[in-house]
Structure formats: structure tokens, C-alpha cells
Amino acid sequence: MSEDEISMSRPSVGEAGRTGDWRNSRPIVESAMCLAVKQGKVTCQICWAYCPDGCITRSIGPVIDLTYCKGCGICAQECPAGAITMVPEAEHGVCALDETSEGEL
Amino acid sequence: MSVMTGNEAAATAAKLARVQVIAAYPITPQSPVVETLSAWVESGELPAEFVAVESEHSALTVCIGASTVGARVFTATSSNGLAYMNEQVWWAAGARLPIVMCIANRALAAPWNVLNDQQDSMSERDAGWIQLYCRDNQEILDTTIQAYRIAERLHVPVMVCYDGFLLSHTMMPVSVPNAESIDAFLPPLAAPLTVVDTADPRNIGPVVMADPRADQTGVVRPGYMELRVMHQRALLEALKVIPEVDAVYAEATGRSWGGLVWGHLLDDADVVIVAAGSLATQATVAVETLRSEGIKAGVLGIRSYRPFPADAVRKALAGRKVALVFDKALSYGYEGPICADVRAAMLGADSSPPVFGAVCGLGGREVGPEHVADAARRAITDADTGVSIRETDWINLKLEG
């Protein structure tokens, strides 16, 4: 028997597929309220630390990779400054069929 | 020759197998297994890591972690402890870990009961483990050692099941093989499937989608059904491996347990009593009584419940007058689980006898050779009068009306 007979993978970006497709609410960052932006240095980073999917950058002002963000809302819940708001995807107009993603996982 | 309980036989086997990690939570009637092992670890007699945990779920989880990185592991439980493990029982099998777990069979609650039946392990039938049932304490010791070789060959976990109190707490003579012969039979565990290596990190047990999919390095990884069919093939391969391992063990120790099934006075038997565990031993006594009355009776003992030895059952039962299957468990709303499997195995087979089911011994209800013999006489009477389908017989039931 080989390791091909068990569930195993090499760590990589997006190994569970385009999980951003699962999202029904999108985290919107209000940069002016972000503590790191206010202080101009890589501080706080609580959203980066809490993101269970590792799709938030560790930086001055978070960048969220919406290709993989599942919209769980933990970042919005944990942000001490209240700088992240979850907004329903329908308000972004993305519920209509996106032809460019057809056939992709 | 030593005199020991079934639980001590299981602990002795784990020691002879040189297990490296033990994690367990106490529950009657299994507790003395891990009490014995923890005492040996404490005294230094057994150089293993004993991990005390707060639940059975955690006990098997510790074994899963240790087995994943290549340790030979052992745990044991009973009844509601096994039920509490359930999620991890499935994980251990699907992750293809060679874990050996002893089950001192006990009734499941509610109603609360600490005595023997086999509902606990039978309820884990479909989880993908190999399940072996033992008839006495010697077989517990020998089967637990064999289980490691079977598990490590196939990468499938094995439950070694034995009846609570009837075996777990009953003293019997047991021959303990010498350590050298078991070391030769069971060499140190080879490297695990996925070696933990910081230079080549891997995710072990990540999410798997329905279909095979190339990972980001371009390697196509199997989908869920591909992993499941490989698991099923390993279980079916066990139909060959279990008897092979028993034969190698016989060379090492002089003792063989028959592999998948065993027979007692089967050659000329008209009525065959089918059972697993210590009840099958009782059935051999019942057969003597029946033979003294001129009834040609025999016993077919089920040693391997999963994988189910359908071919061996067909060969053993073809051409008989009647087969009577005893279960110490019940699939509520249908019938005893072994009976359902035997009936399914015989369906469409040449010269299939009527297959009757009997449920007995639930929650420790007394079932002895006289009960087995009575049930066999009723089965013969029914078969003689042309009955081929019959309701499940409840043995020694004390319910008015």
C-alpha cells in the first residue's frame, strides 16, 4: 500500500478548491478604522491570526483573498476596531451566473 | 501455563506485541486491561507511553495521532465507551491506521446494564474495521497478537472482541508464548504511510472532493469513492490474510484458531448451530447433548465477522437440514446481524438449508448449553415440518403473554 490510498496532499493554496464559491456574505474592510492602518505599522493582525482558511494577509490593512474566503465572518467578529463588516453577496451582484467560472470547481 | 482472565490475556498480548503507545479510558468490563498495562508502564516492565485521557473519544484520537506517525498502539473499551468513540472509529479506518482495539463486549444503554452481549461492537459493523470474535482467553491472547500482523499488512484497524465477564473476568489456563517467538512473528512496525518531515510537509487527512483532482503540483489525488473502494478491497483481502496469519502463528506457537471460521463436529451434521464468541463454545457442549439423543448436530463458529466469510459459510452449510444462527445483538426492526448475513450468504446457493435466527443473552441474560439445545430441537422440528421462514426465536425470554 502507498500513500496514494489515503487522503494526503502537499500544503498549497486552494487545495480544497475555489472555496470562495461557498460564500454568502463578503467581509468588507473599512481601512480608516483598521488599527494597523491608523498606526502605519504591522500591528494587531487579529483578523490574519483568526482566519481559519489563511486567506487574509499579514500587512498594514488586511487584504482578503475572495477566491478562497468562505465568508465565515470570524474576522468581522474578532476585529477589535469593528473595521470589518459582513455584507450579503447579493448586494454585490454576484449571485447571477458568472460565466468565467463555469466548469471550474 | 498461566491462569489469567480474558482482560489479562489481552494486556499480555499487547505487551508481547511491544506496543509503544496506549491510550484508554476505564469502563466496565474492559478496565482491568488498561489498569494492568498502566501498572506495567509505571513499573518499567513495559517501555511504552501510557496516555491518560478524559474520554474514549480522546483515547482513540490519541491512538490515531500516534499511529499516524508510526507508533504501534493499543486501546480497549466496551459498550457506551465504544459508542462515544464512534466518530473516531470511522476516522481510524478511513485513515487506514493499523490500530488494534480490544472490546470486552457489553450491552449498550439505555437501559443501563454492565453485563455481556455483543451489541456494542456489532453496531460498529460498517465502520471499516476488521472484527474478530474470540471463544476463550487463549484465543484472546493469540488473536490480539495476530491482529497486529493483519492490521499492519493491510493498513486496516482490527477490533478483537470478547464477551464481557464471561471471558473478561473469568480465569482460565493460558499458554503465554515466549517473547522471542512473538518478536519473530511481529517485527517492529515499518514506517508509516506518510512520514512527518519538515522538509517535505504534508497534509494528512485533508478534505477530499467527490472526484479525483490534480493538486497544485499536478499529482492527481483520488476522490472519495476511489479511497473507499481501496478500503473495501483491503477488507476483502483480509479474507485471505486472516487465515494466512493464523497459519504463520501456528508455526510460531503451535496454536491455530481456524482463520475466518471454525467447525465442531460439522462433517455429518444435519443441524448446524452458528455463533460467535463464547456462546459458540457453549454450543459445542449443547452438541454433545444433542448427539447423545441421536441428533447429528455441529457448530460453525464465526471468528471473522468483518470481513464476513460468506464463501466459508456457504461451504459449511450447504446440504444441511437446518442452520440455527445465534446473535447476542439485534438490528432493531429486523433480526440478529449474523443471522441476516448468513441468510444473505446462502441466498441462491446450492442446497441451502432453512436459516433460522435466535436472539439470546442480551444484557447478560443467561444462555447455556441447555437453552441452545432446546432451540436446536425446535429448529429441527420446524424444518422437518417444512417451515423455511420463521420469526426470530428469543431464547430464555421471561415475558408473560
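The questions and answers below walk through a predicted model with chains A and B.

Colleague: How many helices and strands does chain A have, and what pattern do they follow along the sequence?
Modeller: Chain A has three helices and three strands. Read along the sequence, they follow β-β-α-α-α-β.

Colleague: What share of chain A counts as buried?
Modeller: A residue is buried if 20 or more other C-beta atoms lie within 10 Å of its own. Chain A has 105 residues. The share of them that counts as buried is 22%.

Colleague: Among contacts in chain A between residues at least 6 apart in sequence, what percentage join residues at least 24 apart?
Modeller: Take the contacts in chain A between residues at least 6 apart in sequence. Those that join residues at least 24 apart make up 63%.

Colleague: How many residues does each chain bring to the contact, and how does the chain A side divide by class?
Modeller: Chain A gives 16 residues and chain B gives 21 residues. On the side of chain A that touches chain B, the classes are seven nonpolar, four polar and five charged.

Colleague: Which strand of chain B is joined to strand 1 of chain A, and which residue stands opposite A:S9?
Modeller: Strand 1 of chain A covers residues 8–9. Two bridges join it to strand 9 of chain B, residues 203–204, and the two strands run antiparallel. Opposite A:S9, in strand 9 of chain B, stands B:N203.

Colleague: Which strands stand at the edges of the open sheet in chain B?
Modeller: This open sheet has seven strands in the order 3-2-4-5-7-6-15, with mixed pairing. The twist averages 20° from one strand to the next. Each edge strand has a single partner, so one side of it is left without a neighbour in the sheet. The edge strands are strand 3 (49–52) and strand 15 (304–306) of chain B.

Colleague: Do strands 5 and 7 of chain B run parallel or antiparallel, and what is the bridge partner of B:C102?
Modeller: Six bridges join strand 5 to strand 7 of chain B, and the two run parallel. In strand 7 of chain B, the partner of B:C102 is B:V160.

Colleague: Why are helix 6 and helix 8 of chain B called oblique to each other?
Modeller: Helix 6 (residues 137–154) and helix 8 (residues 224–253) of chain B pack with their axes 9 Å apart. Angles over 145 degrees would count as roughly antiparallel, and 65 to 115 as roughly perpendicular. The angle here is about 135°, so the two helices are oblique.

Colleague: Which residues of helix 6 of chain B meet helix 8 of chain B, and what classes does the contact have?
Modeller: The residues in helix 6 of chain B are B:D142, B:Q146, B:R149, B:I150, B:R153 and B:L154. Their partners in helix 8 of chain B include B:A234, B:V241 and B:Y249. By class, the contact has eight nonpolar, one polar and five charged residues.

Colleague: Where is the cis peptide bond with omega about -5°?
Modeller: Most peptide bonds are trans. One cis bond, with omega about 0°, joins B:T28 and B:P29. The bond with omega about -5° joins B:A109 and B:A110. B:A110 is in the loop between strand 5 (100–105) and helix 5 (119–122) of chain B.

Colleague: Is B:F165 buried, exposed or partly exposed?
Modeller: B:F165 lies in the loop between strand 7 (158–163) and strand 8 (172–174) of chain B. Its phi is near 65°, a positive value in a residue other than glycine. Buried needs 20 or more other C-beta atoms within 10 Å. B:F165 has 19, so it is partly exposed.

Key. Residues numbered from 1 in each chain as written. Chains lettered and ligands numbered in written order. Predicted model: local features only at pLDDT ≥ 70, side-chain atom pairs only at ≥ 80, totals over all residues. Contact = placed C-beta atoms within 7 Å. Nonpolar A, V, L, I, M, F, W, Y, C, P; charged D, E, K, R; others polar. Pairing = 2+ DSSP bridges. Helix = DSSP H or I, 4+ residues; strand = E, 2+ residues; numbered from the N terminus. Axes fitted to C-alpha atoms, helices over the stretch in contact; angles between N-to-C directions. Parallel < 35°, antiparallel > 145°, perpendicular 65-115°, else oblique. Buried ≥ 20, exposed ≤ 12 C-beta atoms within 10 Å, placed from the backbone.
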